[in-house]
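Biologist: I'm new to reading models like this one. Could you pick one part, look at it closely with me, and then show me what else is worth finding?

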Amino acid sequence: SSCATLLFVGRYTDKVGALKVIWVGLVVQSVTLLLTLVRTIPAQFASRVAQGIAASAAFNACAACIMERYGEPQRTTYVGTVIGIGLLGLVWGGPVAGAA
C-alpha cells in the first residue's frame with residue numbers, strides 16, 4: 001500500500017505541505033480505530049485498508065517534512081531514525097500482536 005499511496009499522496013504533500021498530510025493521516029488513523037469496533041467483515045476490511053493508507057501517507061510525509069526542514073548534517077540522522085523506527089515496527093509488530 002505504501003507504493004500506491006506514494007503515487008497520489010506524494011504530489012498532494014508537495015502541494016499542501018507535509019504537516020497537513022501528517023495531521024490528516026493521524027485523524028484518519030483515529031477514525032479508523034473506531035471502525036474496528038464494528039464487528040462485520042466489510043467494516044474490518046475497510047478499516048484496515050484505510051489504516052494502511054493513512055499510516056503510509058503519514059510516515060512518508062514525516063520523511064518529507066524532515067527533508068524540508070533540516071540541513072544535511074541533521075537530516076541524515078533524523079531520516080535514519082525515522083526509517084529505523086519504522087523498521088522496528090515492521091519487525092516487532094507481528095510477533096507482539098500475535099502474542100497479545
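What follows is a close look at one helix, and then a tour of the rest. Which residues of helix 2 are buried, and which are exposed on the other side?

Modeller: Happy to! First, some ground rules: this is a predicted model, in which local features need pLDDT of at least 70 and side-chain atom pairs count only at pLDDT 80 or more, while totals for chains, interfaces and linings use all residues. Residues are numbered from 1 along each chain as its sequence is written, and side-chain values use heavy atoms, leaving out hydrogens and water.

Let's begin with the whole chain. It has four helices and zero strands, so counted because helices (H or I, at least four residues) and strands (E, at least two) are DSSP runs, numbered from the N terminus. The order from the N terminus is α-α-α-α. Along its principal axes, the C-alpha trace spans about 50 × 35 × 20 Å.

Now for your helix. Helix 2 covers residues 18–35, which makes 18 residues. From first C-alpha to last it reaches 26 Å, close to the 26 Å expected at 1.5 Å a residue; that expected span is 1.5 Å times one less than the number of residues.

Its buried residues (under 20% relative accessible area; exposed is over 50%, partly exposed is in between, with a 1.4 Å probe and protein chains only) are Ala18, Val21, Ile22, Gly25 and Thr32. They cover an arc of only 100° around the axis, so they sit on the same side of helix 2. The arc is taken from the directions from the helix axis to the C-beta atoms. A handy rule helps here: an α-helix has 3.6 residues a turn, so residues three or four places apart point the same way. On the other side of helix 2, Lys20, Trp23 and Leu34 are exposed.

Val31 also belongs to helix 2, and at 48% relative accessible area Val31 is partly exposed. Its C-alpha is 15 Å from that of Val21, 10 residues away along the chain.

Next comes helix 3, residues 41–69, with 29 residues. It reaches 42 Å, close to the 42 Å expected. Its buried residues include Ala43, Ser47, Gln51 and Cys65. Over the protein chain, buried residues make up 20% of the 100 residues.

Helix 4 (residues 72–99) is where Val96 is found. Val96 is exposed, at 52%, and joins Leu88, Val91 and Trp92 in a nonpolar surface patch of about 430 Å².

Helix 4 also holds Glu72 and Arg75, three residues apart, about one turn of the helix. Their side chains meet in a salt bridge at 3.7 Å, N to O; the term asks for a side-chain nitrogen of Lys or Arg within 4 Å of a carboxyl oxygen of Asp or Glu. By this rule the count is one. Arg75 is partly exposed, at 23%.

Finally, there is one aromatic pair. The rings of Tyr70 and Tyr78 have centres 4.7 Å apart and planes at 65°, so the pair is edge-to-face. Rings of Phe, Tyr and Trp (its six-membered ring) pair if their centres lie within 6.5 Å; planes under 30 degrees apart are stacked, over 60 edge-to-face, and the rest tilted. Tyr70 is partly exposed at 32%, and Tyr78 is partly exposed at 34%.

Methods:
Patches are made of residues with over 30% relative accessible area and no salt bridge: like charges are joined within 9 Å, nonpolar side chains (Val, Leu, Ile, Met, Phe, Trp, Tyr) within 5 Å. Accessible areas come from the Shrake-Rupley method with a 1.4 Å probe; for residues, only the protein chains shown count as cover.
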